[in-house]
Amino acid sequence: MLKLPIYLDHNATTPCDTRVVEAMIPYFTNNFGNAASRNHAFGWQAEEAVDYAREQVAKLINADAKEIIFTSGATEGDNLAIKGVFEMYREKGNHIITTKTEHKAVLDTCKHLEKAGAEITYLSVGEDGMINLEELEASIKPTTILVSLMYANNEIGVLQPIKEISAIAKKHGVLVFTDATQAVGKIPVDVQADGIDLMAFTAHKMYGPKGVGALYVRRKNPRVKVTSQMDGGGHERGMRSGTLNVPGIVGLGKACEICMTDMESDNKRIKALRDKLETSLMKLEETYLNGNKEHRLPQVSNISFKYVEGEGLLMGVKDIALSSGSACTSASLEPSYVLKALGLDDELAHSSLRFGLGRFTTEEEVDFAIDQVTTAVNKLREMSPLWEMFKEGIDLKSIDWQEH
Amino acid sequence: MAYSEKVIEHYTRPRNIGTLDKNKKNVGTGLVGAPECGDVMRLQIEVDETTHTITDAKFKTFGCGSAIASSSLATEWLKGKSIDDALTIDNMDIVEELSLPPVKIHCSVLAEDAIRTAINDYRVKNGLEALPLK
């Protein structure tokens, strides 16, 4: 029996896996100790749980447990990495390279640093959402201290070529930070093979709890340091003070362990469902896939349904939880800056939906979504003056629109 | 953000979707908004030339649920009104009727603009002077 509404917004957040919740529960009640309490069993027990989780997290990304700094989530990880590197390596330089399609947690952190004297280069992306490696290399200068490029984009799922990026950065002695929020737990991420120096990610995007994440900070070749952004008890090797969120950390560890064992089979199944959804919806006239079709996460599909406005469309698919790049769904009244960076017209950006499938998505749900989205698109096109003009062969660009 | 019942009702069962022949002398067309802004409304009225009474009204809208509901409601209100009375429809009446939240007020403004533009189109076609838009 199909249970409504259907959740297809897994890039926003994921449900906690019950195995994760079960692992966490004892650490709220019986094993409630402070991991920093060195003098009694309660503390030792908590510390042991944290150490175990640190191993689980490290294993998923092929890191050493000592290189894992627990945080409150990816936003904190992004802030700590970028601000922390900027402050730590200030004498070496003040230039940071990033891209226009980063998450706001990176972009706004960079904007903040600009006020503090940083010079930021915001690389453009191609139509497919990927950066140009030659442009990256050309923008590196003697003062460059960090390249901050996301692993997988949250709106379109496009994967940046991290391995090639880090090879270029290494050549010039520049550190590489990646916001891997959407990638870790979803696809194989290997900090050694990928040459990553710092990497932020979070539990709630991989079936773990909200409010906990981790920052990977390389300890060897090179040894990387960040200036702490939270002062206090000197937890997490002095890089992130604050009493450890033991149940959350246990949950993150368990979530990582499950992702590691289930990733291959999960991905095979989810990708097949994603492809089915995408192929079916792309059969509709005037639909456009946003982002590179090959270099992207297997769980996500971002499609523009031309001549239909995204928020109006979301209202027509009220039994499906989805996101749109439409301005109307954001407070800013601006359509998605990510889609605009791809060179999409505002109009197409307004017409986009992001489908994010997950571990618990069923074929029945995908079939339902195909059906409901198709019906809504057809219905809204029937009432769209733009669709009518398109059908009559009128070039919309030839009309003198009265903008508000 | 939750939609009001009336917005949902108009969105689910929109009134008067359609197209009138824009080339007819007694049809006034108002096309407002812009695709880049995510809202385009086309509102059309058919007017009895002797009484200047609106006998039919049709719309097509590209936009969010509130924009669709605003234009659907506008067509309902226009039918049977004289072109002078139709000018008294204020965007705040639409806001009130549909319980639009502040972020959706622009949808009602667009509907009012569409009404005025359609009436002006009819007026100009019939030798009357165009009225200023608000």
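Analyst: Two strands are taken to pair if DSSP finds at least two bridges between them, and with that criterion in hand we can read the sheets of this model, which is a predicted one.

User: How many bridges join strand E1 of chain B to E2(B)?

Analyst: In general, the strands of a sheet pair through backbone hydrogen bonds, and the pairing may be parallel or antiparallel. Here, E1(B), covering residues 27-34, is joined to E2(B) by eight bridges, and the two strands run antiparallel. As an example of the register, Thr29(B) has Gln44(B) as its bridge partner in E2(B). The hairpin that E1(B) and E2(B) make leaves four residues between the strands, and within this hairpin Gly38(B) adopts a positive phi near 85°.

User: Which strand do the nine bridges of E2(B) lead to?

Analyst: They lead to strand E3 of chain B, residues 53-62, and this pairing is again described as antiparallel. Glu46(B) finds its bridge partner in E3(B) at Asp56(B). Four residues lie between E2(B) and E3(B) in their hairpin, where His52(B), in the turn, has a positive phi of about 55°.

User: Is strand E2 of chain B mostly covered or mostly open?

Analyst: For this step the cut-off matters: a residue is called buried when 20 or more other C-beta atoms lie within 10 Å of its own. By that count, eight of the 10 residues of E2(B), which spans residues 39-48, are buried, and the strand is mostly covered.

User: What pattern does chain B follow along the sequence?

Analyst: Chain B contains five helices and three strands, and they succeed one another as α-β-β-β-α-α-α-α. The radius of gyration of the chain is 14 Å, close to the 14 Å that the globule rule gives for 134 residues, so chain B is as compact as a globular protein of that length. Its C-alpha trace spans about 45 × 25 × 25 Å along the principal axes, and 51% of the residues count as buried. Of the contacts in chain B with a separation of 6 or more, 61% come from residues 24 or more positions apart.

User: Which residues of helix H11 of chain A are buried, and where do they lie around the axis?

Analyst: The general idea is that an α-helix has 3.6 residues a turn, so residues three or four places apart point the same way. H11(A), residues 363-382, has 20 residues and reaches 29 Å from its first C-alpha to its last, close to the 28 Å expected at 1.5 Å a residue. Its buried residues are Glu365(A), Val366(A), Ala369(A), Val373(A), Ala376(A), Val377(A), Leu380(A) and Arg381(A). Because these residues cover an arc of only 125° around the axis, they are placed on the same side of H11(A). On the other side, Glu363(A), Glu364(A), Asp371(A) and Thr375(A) are exposed. The elements of chain A against which the buried residues pack include helix H7 (246-281), strand E10 (300-305) and H12.

User: What do the buried residues of helix H1 of chain B pack against?

Analyst: The buried residues of H1(B), a helix of residues 5-12, are Val7(B), His10(B) and Tyr11(B). They cover an arc of only 100° around the axis, which means that they share the same side of H1(B). Their packing partners are H8 of chain A together with helix H2 (65-78) and helix H4 (91-98) of chain B.

User: How many residues does each chain bring to the contact?

Analyst: The size of an interface is often given as the accessible area lost when the parts come together, but here we can count residues instead. Chain A supplies 24 residues and chain B supplies 24 residues. On the chain A side, helix H8 (310-316), helix H10 (346-350) and helix H12 (385-391) each supply at least two residues. The residues of that side divide into 10 nonpolar, six polar and eight charged.

User: Which strands stand at the edges of the open sheet in chain A?

Analyst: The sheet has four strands in the order E9-E10-E13-E12, with antiparallel pairing. Strand E9 (287-289) and strand E12 (323-324) stand at its edges, each with a single partner strand, so one side of each is left without a neighbour in the sheet. The single partner of E9(A) is reached through three bridges to E10(A), with Tyr288(A) standing opposite Ser304(A).

Note on methods
Residues are numbered from 1 along each chain as its sequence is written. Chains are lettered from A and ligands numbered from 1 in the order in which they are written. This is a predicted model: local features need pLDDT of at least 70, side-chain atom pairs count only at pLDDT 80 or more; totals for chains, interfaces and linings use all residues. The radius of gyration is taken over C-alpha atoms; the globule rule is 2.2 Å times the number of residues to the power 0.38. A residue is buried if 20 or more other C-beta atoms lie within 10 Å of its own, exposed if 12 or fewer, and partly exposed in between; C-beta atoms are placed from the backbone. Two residues are in contact if their C-beta atoms, placed from the backbone, lie within 7 Å. Ala, Val, Leu, Ile, Met, Phe, Trp, Tyr, Cys and Pro count as nonpolar, Asp, Glu, Lys and Arg as charged, and the others, Gly among them, as polar. The expected span of a helix is 1.5 Å times one less than its number of residues. The arc is that of the directions from the helix axis to the C-beta atoms.
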